Amino acid sequence: MVAQLLGLGDVETPPRVAELAGADTVTPVWRNEVGGLTFQLGEGPTRRFAKWAPHGRGLNLVAEEARLRWAVDYVTVPRVLASGRDDDAGWLVTQGLAGTSAVVPRWQSDPATAVTACGRALRAFHDALPVDDCPFDWSVSARLAASDKARAQEPTLPPVPPIDRLVVCHGDPCVPNTLLADDGTWSGHVDLDALGVADRWADVAVATMSLEWNYGPGWDGAFLDAYGIAPDVERTDFYRALWNGT
Ligand SMILES: Nc1ncnc2c1ncn2[C@@H]1O[C@H](COP(=O)(O)OP(=O)(O)OP(=O)(O)O)[C@@H](O)[C@H]1O
Ligand SMILES: [Mg+2]
(Lines give C-alpha, C1' and ligand atoms only; values in the text may rest on other atoms or scores of the structure.)
(Ligands and ions follow the chains in the order given, each with its own letter.)
Protein backbone atom coordinates (compact mmCIF):
# COMPACT_ATOMS: atom_id res chain seq x y z
CA MET A 1 0.00 0.00 0.00
CA VAL A 2 1.47 3.38 -0.92
CA ALA A 3 0.63 6.70 0.70
CA GLN A 4 -1.80 8.70 -1.42
CA LEU A 5 -4.12 11.65 -1.62
CA LEU A 6 -7.71 10.47 -1.44
CA GLY A 7 -10.82 11.62 -3.25
CA LEU A 8 -14.46 11.27 -2.34
CA GLY A 9 -15.55 7.63 -2.45
CA ASP A 10 -12.00 6.20 -2.20
CA VAL A 11 -12.55 4.80 1.30
CA GLU A 12 -15.42 4.02 3.64
CA THR A 13 -15.74 6.29 6.64
CA PRO A 14 -15.12 4.34 9.87
CA PRO A 15 -18.14 4.68 12.21
CA ARG A 16 -15.94 6.34 14.82
CA VAL A 17 -14.95 9.09 12.37
CA ALA A 18 -18.60 9.63 11.41
CA GLU A 19 -19.40 10.01 15.10
CA LEU A 20 -16.54 12.51 15.60
CA ALA A 21 -17.81 14.53 12.63
CA GLY A 22 -21.28 15.00 14.10
CA ALA A 23 -23.19 17.25 11.69
CA ASP A 24 -20.02 18.16 9.72
CA THR A 25 -19.20 16.82 6.27
CA VAL A 26 -16.56 14.05 6.11
CA THR A 27 -14.00 14.23 3.30
CA PRO A 28 -11.26 11.59 2.99
CA VAL A 29 -7.87 13.29 2.54
CA TRP A 30 -4.99 10.84 2.87
CA ARG A 31 -4.12 7.16 3.30
CA ASN A 32 -0.66 6.36 4.66
CA GLU A 33 1.52 3.39 3.75
CA VAL A 34 0.11 1.18 6.50
CA GLY A 35 -3.58 1.97 6.12
CA GLY A 36 -3.98 4.90 8.53
CA LEU A 37 -6.55 7.41 7.25
CA THR A 38 -7.01 11.17 7.58
CA PHE A 39 -10.39 12.85 7.07
CA GLN A 40 -11.36 16.49 6.89
CA LEU A 41 -14.40 17.25 9.04
CA GLY A 42 -16.38 20.30 7.95
CA GLU A 43 -15.25 23.00 5.53
CA GLY A 44 -13.45 26.32 5.52
CA PRO A 45 -11.51 27.95 8.36
CA THR A 46 -13.30 26.00 11.11
CA ARG A 47 -12.64 22.59 9.55
CA ARG A 48 -11.05 19.86 11.67
CA PHE A 49 -8.94 16.86 10.72
CA ALA A 50 -9.33 13.36 12.14
CA LYS A 51 -6.46 10.88 11.90
CA TRP A 52 -7.70 7.31 12.35
CA ALA A 53 -5.12 4.56 12.96
CA PRO A 54 -6.07 0.88 13.14
CA HIS A 55 -4.19 -0.97 15.91
CA GLY A 56 -1.25 -3.22 15.07
CA ARG A 57 0.13 -1.21 12.14
CA GLY A 58 2.89 0.64 14.01
CA LEU A 59 1.05 3.98 14.02
CA ASN A 60 1.56 6.07 17.12
CA LEU A 61 -1.00 8.80 17.61
CA VAL A 62 -0.18 8.95 21.33
CA ALA A 63 3.38 10.02 20.50
CA GLU A 64 2.05 12.49 17.93
CA GLU A 65 -0.37 14.07 20.39
CA ALA A 66 2.38 14.62 22.99
CA ARG A 67 4.65 16.25 20.42
CA LEU A 68 1.91 18.47 18.97
CA ARG A 69 0.97 19.69 22.44
CA TRP A 70 4.59 20.64 23.08
CA ALA A 71 5.44 22.15 19.67
CA VAL A 72 2.28 24.23 19.20
CA ASP A 73 3.69 27.01 21.39
CA TYR A 74 6.61 27.58 18.97
CA VAL A 75 5.59 26.65 15.41
CA THR A 76 2.49 26.41 13.25
CA VAL A 77 1.33 22.84 13.87
CA PRO A 78 -2.16 21.44 14.47
CA ARG A 79 -3.80 22.15 17.84
CA VAL A 80 -5.15 18.96 19.42
CA LEU A 81 -8.91 19.00 19.98
CA ALA A 82 -9.61 15.39 20.96
CA SER A 83 -8.09 11.91 21.01
CA GLY A 84 -9.05 8.41 22.02
CA ARG A 85 -8.99 4.73 21.22
CA ASP A 86 -11.40 1.81 21.03
CA ASP A 87 -10.93 -1.90 20.32
CA ASP A 88 -10.22 -1.24 16.62
CA ALA A 89 -8.26 1.98 16.31
CA GLY A 90 -6.90 5.17 17.81
CA TRP A 91 -7.85 8.67 16.66
CA LEU A 92 -6.61 12.21 16.92
CA VAL A 93 -8.71 15.25 16.02
CA THR A 94 -6.93 18.54 15.33
CA GLN A 95 -7.90 22.05 14.36
CA GLY A 96 -7.41 22.67 10.65
CA LEU A 97 -4.37 24.72 9.63
CA ALA A 98 -4.53 27.11 6.68
CA GLY A 99 -3.32 25.74 3.36
CA THR A 100 -3.09 22.38 1.62
CA SER A 101 -0.40 19.71 1.34
CA ALA A 102 2.57 20.60 -0.87
CA VAL A 103 1.73 17.61 -3.07
CA VAL A 104 -1.83 18.46 -4.14
CA PRO A 105 -2.11 18.62 -7.98
CA ARG A 106 -1.71 22.39 -8.02
CA TRP A 107 1.75 22.15 -6.45
CA GLN A 108 2.79 19.04 -8.33
CA SER A 109 2.38 21.15 -11.46
CA ASP A 110 4.48 23.98 -9.97
CA PRO A 111 7.38 22.21 -8.23
CA ALA A 112 9.66 25.28 -8.27
CA THR A 113 7.28 27.17 -5.98
CA ALA A 114 6.52 24.16 -3.79
CA VAL A 115 10.15 23.06 -3.35
CA THR A 116 11.27 26.56 -2.37
CA ALA A 117 8.43 26.86 0.14
CA CYS A 118 9.21 23.45 1.66
CA GLY A 119 12.91 24.31 2.06
CA ARG A 120 12.06 27.58 3.80
CA ALA A 121 9.46 25.83 5.94
CA LEU A 122 11.93 23.27 7.23
CA ARG A 123 14.50 25.96 8.02
CA ALA A 124 11.91 28.00 9.91
CA PHE A 125 10.90 24.89 11.87
CA HIS A 126 14.52 24.17 12.85
CA ASP A 127 15.14 27.80 13.79
CA ALA A 128 11.99 28.11 15.93
CA LEU A 129 12.00 25.14 18.28
CA PRO A 130 14.13 25.18 21.45
CA VAL A 131 16.55 22.24 21.66
CA ASP A 132 17.21 22.72 25.37
CA ASP A 133 13.53 22.50 26.30
CA CYS A 134 12.64 19.63 23.97
CA PRO A 135 11.71 16.43 25.84
CA PHE A 136 11.89 14.24 22.73
CA ASP A 137 14.97 12.48 21.33
CA TRP A 138 15.44 11.48 17.68
CA SER A 139 19.17 10.81 17.85
CA VAL A 140 20.73 7.96 15.92
CA SER A 141 21.08 5.91 19.11
CA ALA A 142 17.46 6.52 20.12
CA ARG A 143 16.23 5.49 16.68
CA LEU A 144 18.32 2.33 16.68
CA ALA A 145 17.14 1.46 20.18
CA ALA A 146 13.50 1.87 19.11
CA SER A 147 13.63 -0.28 15.99
CA ASP A 148 14.49 -4.00 15.74
CA LYS A 149 14.67 -3.61 11.96
CA ALA A 150 17.18 -0.76 12.20
CA ARG A 151 19.37 -2.63 14.69
CA ALA A 152 19.43 -5.63 12.35
CA GLN A 153 20.64 -3.36 9.55
CA GLU A 154 23.07 -1.39 11.69
CA PRO A 155 26.16 -3.30 10.48
CA THR A 156 25.41 -2.21 6.91
CA LEU A 157 24.99 1.49 7.77
CA PRO A 158 27.76 3.93 6.86
CA PRO A 159 29.70 5.35 9.87
CA VAL A 160 27.68 7.85 11.93
CA PRO A 161 28.80 11.34 10.82
CA PRO A 162 29.59 13.99 13.44
CA ILE A 163 26.72 16.36 14.31
CA ASP A 164 26.53 19.38 12.02
CA ARG A 165 23.89 21.32 14.04
CA LEU A 166 21.62 19.93 16.72
CA VAL A 167 18.01 21.06 16.20
CA VAL A 168 14.52 19.88 17.00
CA CYS A 169 13.85 17.79 13.91
CA HIS A 170 10.42 17.31 12.36
CA GLY A 171 10.93 13.55 12.19
CA ASP A 172 8.92 12.96 8.98
CA PRO A 173 9.95 15.87 6.76
CA CYS A 174 8.63 14.34 3.53
CA VAL A 175 7.04 17.09 1.47
CA PRO A 176 3.39 16.00 1.86
CA ASN A 177 3.77 17.06 5.50
CA THR A 178 4.33 20.73 4.67
CA LEU A 179 1.23 22.84 4.02
CA LEU A 180 1.27 25.69 1.49
CA ALA A 181 -1.01 28.71 1.24
CA ASP A 182 -2.63 29.80 -2.03
CA ASP A 183 0.18 32.28 -2.65
CA GLY A 184 2.83 29.54 -2.56
CA THR A 185 4.29 30.37 0.85
CA TRP A 186 4.37 27.71 3.56
CA SER A 187 1.58 27.78 6.12
CA GLY A 188 2.27 24.92 8.55
CA HIS A 189 3.66 21.49 9.41
CA VAL A 190 1.81 18.25 10.12
CA ASP A 191 2.64 14.63 11.04
CA LEU A 192 4.91 15.02 14.03
CA ASP A 193 4.91 11.63 15.75
CA ALA A 194 8.72 11.34 15.50
CA LEU A 195 9.68 14.96 16.35
CA GLY A 196 12.84 15.10 18.45
CA VAL A 197 16.34 16.45 18.91
CA ALA A 198 18.82 15.33 16.24
CA ASP A 199 21.29 16.62 13.68
CA ARG A 200 19.44 18.79 11.15
CA TRP A 201 20.66 16.48 8.38
CA ALA A 202 18.37 13.76 9.74
CA ASP A 203 15.52 15.90 8.36
CA VAL A 204 17.25 17.56 5.39
CA ALA A 205 18.43 14.26 3.86
CA VAL A 206 14.93 12.78 3.97
CA ALA A 207 13.15 15.92 2.82
CA THR A 208 15.28 16.03 -0.31
CA MET A 209 14.77 12.28 -0.87
CA SER A 210 11.02 12.88 -0.89
CA LEU A 211 11.28 15.54 -3.62
CA GLU A 212 11.96 13.01 -6.36
CA TRP A 213 9.01 10.82 -5.28
CA ASN A 214 6.64 13.77 -5.47
CA TYR A 215 7.99 16.15 -8.13
CA GLY A 216 10.46 14.07 -10.16
CA PRO A 217 14.28 14.31 -10.22
CA GLY A 218 16.46 17.41 -10.02
CA TRP A 219 14.99 19.49 -7.17
CA ASP A 220 17.55 18.91 -4.38
CA GLY A 221 19.57 22.04 -5.18
CA ALA A 222 16.54 24.33 -5.05
CA PHE A 223 15.49 22.85 -1.71
CA LEU A 224 18.96 23.18 -0.17
CA ASP A 225 19.21 26.79 -1.40
CA ALA A 226 15.84 27.64 0.12
CA TYR A 227 16.84 25.98 3.39
CA GLY A 228 20.20 27.75 3.29
CA ILE A 229 22.71 24.91 3.43
CA ALA A 230 25.41 23.47 1.16
CA PRO A 231 25.13 19.85 -0.02
CA ASP A 232 26.70 17.24 2.28
CA VAL A 233 27.01 13.86 0.61
CA GLU A 234 28.23 11.97 3.66
CA ARG A 235 25.43 13.08 5.99
CA THR A 236 22.82 12.76 3.25
CA ASP A 237 23.84 9.16 2.51
CA PHE A 238 23.93 8.24 6.18
CA TYR A 239 20.54 9.65 7.14
CA ARG A 240 18.83 8.27 4.04
CA ALA A 241 20.21 4.82 4.83
CA LEU A 242 19.05 5.12 8.43
CA TRP A 243 15.57 6.28 7.29
CA ASN A 244 15.26 3.39 4.86
CA GLY A 245 16.32 0.96 7.57
CA THR A 246 13.93 2.12 10.31
N1 LIG B 1 -4.63 19.96 11.21
C2 LIG B 1 -4.50 19.86 9.89
N3 LIG B 1 -4.69 20.95 9.10
C4 LIG B 1 -4.61 20.87 7.75
N5 LIG B 1 -4.32 19.72 7.09
C6 LIG B 1 -4.13 18.61 7.80
C7 LIG B 1 -4.19 18.60 9.22
N8 LIG B 1 -3.94 17.35 9.67
C9 LIG B 1 -3.74 16.60 8.56
N10 LIG B 1 -3.85 17.34 7.44
C11 LIG B 1 -3.78 16.86 6.05
O12 LIG B 1 -3.86 15.45 6.05
C13 LIG B 1 -2.71 14.87 5.45
C14 LIG B 1 -2.35 13.61 6.22
O15 LIG B 1 -1.98 13.97 7.56
P16 LIG B 1 -0.66 13.31 8.19
O17 LIG B 1 0.49 13.60 7.32
O18 LIG B 1 -0.59 13.76 9.61
O19 LIG B 1 -1.05 11.76 8.10
P20 LIG B 1 -0.12 10.44 8.08
O21 LIG B 1 -1.02 9.31 7.77
O22 LIG B 1 0.65 10.36 9.36
O23 LIG B 1 0.87 10.72 6.87
P24 LIG B 1 2.13 9.84 6.31
O25 LIG B 1 1.65 9.10 5.11
O26 LIG B 1 3.12 10.90 5.93
O27 LIG B 1 2.58 8.98 7.45
C28 LIG B 1 -1.64 15.96 5.47
O29 LIG B 1 -0.73 15.85 4.40
C30 LIG B 1 -2.46 17.23 5.36
O31 LIG B 1 -2.76 17.50 4.00
MG1 LIG C 1 2.04 12.70 6.47
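In the predicted model, Thr-178 is buried, because its relative accessible area of 8% falls under the 20% cut-off. This residue belongs to strand 9, which covers residues 178-180. When neighbours within four places in sequence are set aside, the contacts of Thr-178 are Thr-100, Ser-101, Ala-102, Cys-118, Ala-121, Trp-186 and Gly-188.

Asn-177 takes part in metal binding: the magnesium ion (ligand 2) has as its protein donors Asn-177, through OD1, and Asp-191, through OD, at 2.1 to 2.2 Å. These two donors connect distant parts of the chain and stand 14 residues apart. Asn-177 is found in the loop between strand 8 (166-169) and strand 9, while Asp-191 is found in the loop between strand 10 (186-189) and strand 11 (196-199). Asn-177 and Asp-191 are both buried.

Internal space was also examined. One cavity of 30 Å³ or more is present in the structure, and the volume of the largest cavity is about 60 Å³. Both Asn-177 and Thr-178 are among the residues that line the largest cavity. The rest of the lining consists of Cys-118, Ala-121, Leu-122, His-170, Pro-173, His-189 and Phe-223. Of the lining residues, Cys-118 and Ala-121 also appear among the contacts of Thr-178. The most to this lining comes from helix 4 (residues 111-128), which supplies three residues. In terms of residue class, the lining of the largest cavity comprises five nonpolar and four polar residues, with no charged residues.

Note on methods. Residues are numbered from 1 along each chain as its sequence is written. Chains are lettered from A and ligands numbered from 1 in the order in which they are written. This is a predicted model: local features need pLDDT of at least 70, side-chain atom pairs count only at pLDDT 80 or more; totals for chains, interfaces and linings use all residues. Side-chain values use heavy atoms; hydrogens and water are left out. Helices (H or I, at least four residues) and strands (E, at least two) are DSSP runs, numbered from the N terminus. Buried means under 20% relative accessible area, exposed over 50%, partly exposed in between (1.4 Å probe, protein chains only). Contact means heavy atoms within 4.5 Å. Donors are N, O and S atoms within 2.8 Å of the metal (3.2 Å for Na, K and Ca); water is not among the atoms, so sites may look incomplete. On a 1 Å grid over the protein atoms alone, a cavity is a set of points where a 1.4 Å probe fits but cannot get out, and a pocket is an open set with protein on both sides within 12 Å along at least five of seven lines; lining residues have an atom within 4 Å of a point. Grid points are joined across faces, edges and corners, and a volume is the space filled by probe spheres set on the points. Ala, Val, Leu, Ile, Met, Phe, Trp, Tyr, Cys and Pro count as nonpolar, Asp, Glu, Lys and Arg as charged, and the others, Gly among them, as polar.
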